[in-house]
Structures are given as C-alpha cells and as structure tokens.
Amino acid sequence: MNKFIETIIEKSIILIAFSTVAVLFLIAFFIFKEGIPFLAQYGLPGFLTGSTWLPGEDKFGILPMIIGSIYVTLGALIVGVPLGVGSAIFLVEFANKRIRNIIKPAIELLAGIPSVVYGFIGIMVLAPWVRINFGGSGLSILTASIVLGIMILPTIISITMDSLTALPSVYKEGSIALGATTWQTVIMVLLPGAKSGILAGIILGMGRAIGETMAVIMITGNAIRIPTSLYDSVRTMTSNIALEMGYALGIHRSALFANAVVLFGFIMILNTIAILIINKRSK
Amino acid sequence: MLKVKIKVDNLNVYYGNKQVIKDVNMNVSDHEILSIIGPSKSGKSTLLHVINRLIDNVPGAKVTGQVCIDGKNIYLDSVNVNDLRKKVGIIFATPVPLPMSIFNNLAYGPRLHGITNREKLLDIAENCLRASSLWDEVKSRLDMSALRLSGGQQQRLCLARALTVEPEIILFDEPCSGLDPISTSKVESTMRELKKNYTLILITNNTKQAARVSDRTAFFLFGELIEIGETKRLFTAPKDKRTKDYITGKFG
C-alpha cells in the first residue's frame with residue numbers, strides 16, 4: 001500500500017515538473033500560430049526594418065520598438081552592472097557579517113517590489129528630476145535606464161555573489177600570500193575567475209530588462225520614433241504589445257503577435273547564451 | 001654560529017579562547033632548512049601563518065609575543081604586510097595555481113609589485129621555473145592554463161611563483177602531502193637547491209622527509225615546542241620521550 005502511494009506521488013511530481021515545460025510550449029505555440037502567418041504575409045525584413053508603425057494604414061514596422069528596447073536595456077546595464085558587480089564585491093570580500101546580514105535581505109526585498117511601484121517612483125520622482133535637469137518631457141531613455149538598472153540589481157548582485165563565493169578560497173589565499181592587497185586580488189584573480197558567472201548574471205539581468213513592461217510603459221513616454229538623444233521618449237517592444245493589444249483587431253492583432261515572436265526570439269537567444277556560459281563554467 | 005634569520009620570542013596564539021601555540025621560543029638561521037614535525041593540531045601550520053601574517057585574515061585569531069625577521073619585529077604597526085609577504089613566501093599543501101595561464105601565474109607577483117615589461121617578466125618566469133625544475137616541462141606551453149598541469153607540476157609552479165617576488169624565506173606547509181614519490185623527490189631536490197639562496201621552513205607529516213632534507217628539526221605537540229635540534233641528532237637520540245614516541249611511531 002505504501003509503495004502504491006509512493007508511486008502515485010512520484011508520478012504526480014513528474015507530471016507537475018513537465019507541466020512547466022508544457023506551459024512554455026503552449027505559450028510559444030500560440031504566439032507563433034498567430035504571429036508566423038502574419039510574418040509570412042508581410043515579410044520579416046519589412047517588419048523588422050520598417051520604421052513606421054501605423055496600424056490604421058496597415059504599416060507595421062517595428063524598428064523603432066526594437067531600437068527602443070535595445071537602448072533601454074543597454075542603459076539599464078550601464079547603470080546596473082557597475083552598481084551590481086560593485087555591491088557584490090563589497091558584500092563578499094569587504095563587508096563583515098553584520099553589514100552583509102543587513103544589506104543582503106534589503107537587496108532581496110528590492111526584487112519583491114512590484115514593477116508598477118518602480119514605474120510610479122520613476123514617473124513621480126525621477127521623471128521631473130530629469131525634465132528639470134536635462135530637458136525634454138522627462139519620460140525618456142535616461143529615466144527608464146535608471147529605473148530598470150535598479151530593477152535588475154538583485155539579479156546581478158545575487159548571481160555575482162554566488163559566483164564569487166563559489167571560487168575556491170585558496171585563490172584568495174594564494175594571491176594574498178604573494179603580497180597582493182585584497183583589492184588587487186579581487187581585480188586580478190577573483191573577477192577573472194568568476195567572469196563567466198558574472199556574465200551569466202548580467203545576461204539574465206538583461207533578459208529581465210528587455211522583458212520588463214509595466215515600469216517601462218510608465219516612464220519611457222511611448223513615442224513611436226527612432227530616438228536621437230538620451231532624453232527622447234521611446235517605445236519598447238513590450239510596451240507596444242501591452243498598449244495596443246487591448247483594442248487591436250484583425251491584421252493589427254496579428255502584427256502584435258509577430259512583435260511578440262521577435263521579443264520571444266530576443267529573450268530565447270539571451271537565455272541560451274546565459275545557459276551556455278553557465279554550463280561552460282561548470283565543466 | 002650562523003646568522004639568525006627568524007627569531008620567535010614567547011609566541012602565543014589564540015583562536016577565540018582556544019590556545020593553539022603555547023609560549024614558543026625558537027630561532028631559524030639564515031640558509032638552513034628547518035623541518036617542523038608533529039601530529040595534526042599541533043600548531044605547525046599556525047606558526048607558518050604567523051610568520052607571514054596570513055593569520056591577520058583569520059577571524060578571531062590573537063597573537064602575543066614577538067616574531068622578528070632580520071631583527072625587526074614583524075608585528076609592529078609600521079610593518080607593511082604586503083611587503084612582508086613578498087619577503088616570506090608560502091607553499092600550501094594543496095597546490096594553488098591561480099585560474100590563468102602558466103605565464104600569468106608567474107607574472108602575477110612581479111606585476112603586483114610594479115614590473116610590467118614583458119621581456120623582464122619572461123626572464124623572471126624562466127629563471128624561477130628553472131629554479132623549481134619545471135622549465136623543461138612547460139617551456140613550450142607557457143600560455144596553457146595552469147589548472148591543466150599535473151599535481152606535482154602545479155606544486156612546482158607554485159614554488160616558482162613564490163620565487164618570482166624574490167623572497168628571502170620560503171615556508172612549505174606539507175608541500176608533498178598530495179604528491180606521488182617521483183614528484184616528491186623532485187620537490188625535495190629543489191628545496192636542497194634553494195637552500196643556497198633562501199631560508200626554508202618545512203612542515204611535514206612525513207618524518208622520513210624531514211630526515212632527508214632538513215638541517216634541523218623541531219617537534220611540536222599540542223602547540224608546544226617539545227624539542228628542536230640537529231635533524232640527525234633528533235632522529236637518532238631524541239632528548240624528550242614524547243619526541244621519541246612520535247618518531248618511532250608510537251602515536252600521531
């Protein structure tokens with residue numbers, strides 16, 4: 001009887017595990033089912049490189065959105081990577097246990113704040129500041145970069161910390177024994193040693209930044225145009241879908257699905273790179 | 001009498017409330033190989049960590065007493081720890097190649113201390129690899145990752161790396177514990193070569209190794225220095241009964 005129950009539990013756990021994969025496939029399937037026919041009809045090159053998005057006139061070019069997504073994501077990395085890697089180094093190599101016990105949970109809490117709250121802070125606090133100091137509407141690449149940079153901090157910090165602590169402690173000892181200071185050891189031994197882990201963390205953070213929607217809608221201004229300065233408004237791929245899906249019909253709706261296919265591709269590529277890097281490290 | 005290189009006076013070391021070295025007094029002469037033998041937990045490794053102040057990085061460790069190198073107390077505030085560690089190299093039980101190429105492992109120390117000229121770094125690397133008798137085995141593949149060397153080669157690489165910063169004293173913390181007999185004998189003959197230019201302290205669990213390579217031997221037990229003297233004399237006619245019991249294998 002006990003054995004029977006064991007078997008049931010085991011099988012259900014397997015089922016549950018596979019349902020995650022099934023959900024992933026379902027999502028992919030539906031996006032592609034709606035998006036691919038449109039791409040076949042409209043043409044992928046025209047869709048990717050077209051710079052006008054006028055659904056009313058059947059013009060569907062998502063280049064501005066692709067560029068918007070890339071700029072905002074890069075901006076987030078420029079803000080988030082130095083801060084994140086720096087914090088991780090401090091927490092692992094310099095901070096004492098008490099400080100670490102205060103800062104680490106605070107960072108984890110940062111990950112739990114809903115993105116709409118980040119967006120709210122961005123629109124109420126940061127955007128006016130940018131508007132006053134740099135001009136423009138304040139709803140800009142710069143604002144979004146700062147907010148997203150902070151949003152990806154927890155990912156980058158925790159993965160960087162993990163890969164730094166995973167290094168054998170003898171590396172540090174060996175380096176210190178040669179007369180290196182802690183800082184020299186960090187720069188010359190530990191960072192290169194943890195390079196692949198840190199890179200994986202950065203790419204996961206990048207995936208998070210490119211996929212973020214709510215905060216981005218609130219702080220980028222959502223103008224459909226190719227930006228020429230840091231203080232311009234942009235619209236990202238995610239915002240485009242979220243803003244228009246509510247009322248889109250027919251071919252417009254299919255175009256948004258095609259947009260999702262492109263986004264899906266971007267994120268898949270980033271995650272694959274991250275997984276490849278992580279696997280290479282564990283070899 | 002040879003010149004005294006290291007002088008240890010009334011040394012006590014505590015980890016928290018636990019005393020791991022008890023009132024140790026000893027001298028190490030210039031250009032000698034001193035072996036330290038004793039069962040585990042007898043404070044041997046701690047003593048090495050005291051001599052190059054790696055013990056500073058051990059949380060809760062407290063050192064009292066004096067350790068002088070060339071007559072200067074290394075525990076004064078005015079001492080630059082990084083310079084001290086440059087002067088006092090250490091080889092660990094497990095080889096610690098840094099995760100980079102062979103050449104970069106060797107260039108690491110000199111770079112820390114301001115040498116950037118590649119020619120000069122190559123020179124240093126070659127000399128030190130020759131001194132640790134590794135040159136012939138690796139000269140054609142200096143750009144290979146050091147992690148791909150065998151255990152014995154890694155250990156000799158670490159030795160070469162310790163030499164790159166021109167130390168005066170080299171501490172060996174059971175350098176051969178993970179090595180096969182052939183690698184061990186290579187490391188031992190290297191040590192005898194090094195004696196001409198350096199002062200060596202060798203911790204070993206292998207009493208035969210102590211007898212083979214060292215000029216003098218010290219026997220530690222539970223943090224106390226039981227006996228120190230000429231290696232030959234200590235192994236043939238130990239003065240203390242505990243020393244005799246240890247080297248004849250009655251315990252430990």
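**Figure 1. A mostly covered helix of chain B and the turn that follows.** Helix α6 of chain B has 13 of its 14 residues buried, where buried means that 20 or more other C-beta atoms lie within 10 Å of a residue's own, exposed means 12 or fewer, and partly exposed is in between, with C-beta atoms placed from the backbone. This is a predicted model, in which local features need pLDDT of at least 70, side-chain atom pairs count only at pLDDT 80 or more, and totals for chains, interfaces and linings use all residues. Residues are numbered from 1 along each chain as its sequence is written, while chains are lettered from A and ligands numbered from 1 in the order in which they are written. Helices (H or I, at least four residues) and strands (E, at least two) are DSSP runs, numbered from the N terminus. How far apart are the end C-alpha atoms of α6(B), residues 151-164? They are 20 Å apart, which agrees with the 20 Å that 14 residues should span at 1.5 Å a residue; the expected span is 1.5 Å times one less than the number of residues. Just after α6(B) comes B:Glu166, with a positive phi of about 50°.

**Figure 2. Two residues of chain B with a positive phi.** Most residues other than glycine have a negative phi. B:Asp70 is not a glycine, yet its phi is positive, at about 50°. Look for B:Asp70 in the loop between β4 and β5 of chain B. B:Asp70 counts as partly exposed because it has 14 C-beta neighbours inside 10 Å. The second residue, B:Glu166, is in the loop between α6 and β7 (169-173) of chain B. B:Glu166 also counts as partly exposed, because 16 C-beta neighbours lie inside 10 Å.

**Figure 3. A covered strand with partners β8 and β9 in chain B.** Strand β3 of chain B, residues 33-37, has five of its five residues buried. B:Ile33, B:Ser35 and B:Ile37 point one way from β3(B), while B:Leu34 and B:Ile36 point the other way. Strands of a sheet pair through backbone hydrogen bonds, either parallel or antiparallel. Here, two strands pair if DSSP finds at least two bridges between them. β3(B) runs parallel to strand β8 (residues 199-203) of chain B, joined by four bridges, and B:Ile33 has B:Leu200 as its bridge partner in β8(B). Four bridges also link β3(B) with strand β9 (residues 216-221) of chain B, again in the parallel sense. In that pairing, B:Ile37 is matched with B:Phe219 of β9(B).

**Figure 4. An open sheet of four strands in chain B, with a helix across it.** The strand order is β2-β1-β4-β5, and the pairing is antiparallel. Why do β2 (18-29) and β5 (72-73) of chain B each have one side without a neighbour in the sheet? These two strands stand at the edges, each with a single partner strand, so one side of each is left free of a neighbour in the sheet. Strand β1 (residues 4-15) of chain B is joined to β2(B) by eight bridges, and B:Val4 has B:Ser29 as its bridge partner in β2(B). Helix α1 (residues 44-51) of chain B lies across β1, β2 and β4 (61-69), at about 115° to β1(B). For this angle, axes are lines fitted to C-alpha atoms, for helices over the stretch in contact, and angles run from 0 to 180 degrees between N-to-C directions.

**Figure 5. Where chain B touches chain A.** The two chains meet through 20 residues of chain B and 16 residues of chain A, with contact meaning that C-beta atoms, placed from the backbone, lie within 7 Å. On the chain B side, α2 (81-87) and α3 (102-112) each supply at least two residues. The largest share, four residues, comes from α2(B). By class, this side of chain B has 10 nonpolar, six polar and four charged residues. Ala, Val, Leu, Ile, Met, Phe, Trp, Tyr, Cys and Pro count as nonpolar, Asp, Glu, Lys and Arg as charged, and the others, Gly among them, as polar.

**Figure 6. B:Ala211 and its contacts.** B:Ala211 lies in helix α8 (residues 207-213) of chain B. Leaving aside residues up to four places away in sequence, B:Ala211 touches B:Thr231 and B:Phe235. The C-alpha atoms of B:Ala211 and B:Thr231 are separated by 6.2 Å, although the two are 20 residues apart along the chain. With 18 C-beta neighbours inside 10 Å, B:Ala211 counts as partly exposed.
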